[in-house]
Amino acid sequence: IAAVGLDRSRKMIEVARRARQPEGLPILYRQGSFERLPKSLHGEFDLVVCLANSISGVGTLANLAMSLKNFHAVLRPGGSLVLQMLNYAAVEENTILPIKATRNGDIVYERFSERQGSILFIYVTRADFGQTPPKFEVFRHAFENFSPEQVLKGVEKAGFADIRRFADLQFTKKFGCRSRDLVLTGRRRT
């Protein structure tokens, strides 16, 4: 297996399969969670990529720690981690922050966040323009607000070395306290 795509949602796994199947990419899609990765995946990968604020979905600091430990476990010695999330510490209290809008065929997703104390709310609007009239759905997810320091500490405790912090996925901008994104890279020791 060249790659494994993992998501908690069976529906999203099906979307990914349909989107990538025509390309014939050697990807195994699995429904599951970061905090419960199977031992059969330990030591199998050279790279773990966790993007689009996915790590925030684990919800608690305990689940964050378990997830980062599992990311370390599934890597081969010398393997790398790339983790990207919003820098919640830079989000002003009770301010709606646009995250991203994406399109998948006739479906458009808009994502927004709002911080209220230590809780971050993610709002997702799903608009299906393939239907007449268009169908709109709104989802709200609340979880603990992980600070950059908590995530960095978790990556260190999970055993990663050569940890670097960036403000972008091109690894060109240095992370600062007002950066919109936190991108961490780390390596499993050989």
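This is a short exchange on how some labels in this predicted model are justified.

Trainee: Why is Arg8 said to form a salt bridge with Glu35?

Mentor: Their closest N and O atoms are 2.9 Å apart. The cut-off is 4 Å, between a side-chain nitrogen of Lys or Arg and a carboxyl oxygen of Asp or Glu. So the pair qualifies.

Trainee: Where in the chain do Arg8 and Glu35 lie?

Mentor: Arg8 is in the loop between β1 (3–7) and α1 (10–20). Glu35 is in the loop between β2 (27–31) and β3. They are 27 residues apart, and the pair links distant parts of the chain.

Trainee: What makes Arg8, Glu35 and Arg36 a network?

Mentor: Glu35 also forms a salt bridge with Arg36, with closest N and O atoms 3.7 Å apart. That is within 4 Å. Glu35 is thus bridged to Arg8 and to Arg36.

Trainee: How do you know whether Glu35 is buried or exposed?

Mentor: Its relative accessible area is 9%. Buried means under 20%, so Glu35 is buried. Arg36 has 60%. Exposed means over 50%, so Arg36 is exposed. Arg8, at 41%, falls in between and counts as partly exposed.

Trainee: What makes Arg126 and Glu137 a salt bridge?

Mentor: The closest N and O atoms are 3.1 Å apart, within the 4 Å limit. Arg126 lies in strand β7 (residues 119–128) and Glu137 in strand β8, so the pair ties together parts eleven residues apart in sequence. Arg126 is buried at 15%, while Glu137 is partly exposed at 25%.

Trainee: How many salt bridges does this rule give?

Mentor: The count comes to seven.

Trainee: Why does Ser147 count as buried?

Mentor: Its relative accessibility is 18%. The limit is under 20%, so Ser147 is buried. Ser147 is found in the loop between β8 (135–144) and α3.

Trainee: Why is Leu51 called partly exposed?

Mentor: Its relative accessible area is 32%. That lies between the 20% and 50% limits, so the label follows. Leu51 sits in the loop between β3 (45–50) and α2 (61–74). Leu51 also belongs to a nonpolar surface patch with Leu47, Val49, Leu169 and Phe171. Together they have about 410 Å² of accessible area. Patch membership requires over 30%, so 32% admits Leu51 on that count.

Trainee: Which element supplies the largest share of the lining of the second largest pocket?

Mentor: α3, with four residues. The pocket's volume is about 170 Å³. Its lining divides into four nonpolar, two polar and two charged residues.

Notes:
Residues are numbered from 1 along each chain as its sequence is written. This is a predicted model: local features need pLDDT of at least 70, side-chain atom pairs count only at pLDDT 80 or more; totals for chains, interfaces and linings use all residues. Side-chain values use heavy atoms; hydrogens and water are left out. Patches are made of residues with over 30% relative accessible area and no salt bridge: like charges are joined within 9 Å, nonpolar side chains (Val, Leu, Ile, Met, Phe, Trp, Tyr) within 5 Å. Accessible areas come from the Shrake-Rupley method with a 1.4 Å probe; for residues, only the protein chains shown count as cover. Helices (H or I, at least four residues) and strands (E, at least two) are DSSP runs, numbered from the N terminus. Buried means under 20% relative accessible area, exposed over 50%, partly exposed in between (1.4 Å probe, protein chains only). On a 1 Å grid over the protein atoms alone, a cavity is a set of points where a 1.4 Å probe fits but cannot get out, and a pocket is an open set with protein on both sides within 12 Å along at least five of seven lines; lining residues have an atom within 4 Å of a point. Grid points are joined across faces, edges and corners, and a volume is the space filled by probe spheres set on the points. Ala, Val, Leu, Ile, Met, Phe, Trp, Tyr, Cys and Pro count as nonpolar, Asp, Glu, Lys and Arg as charged, and the others, Gly among them, as polar.
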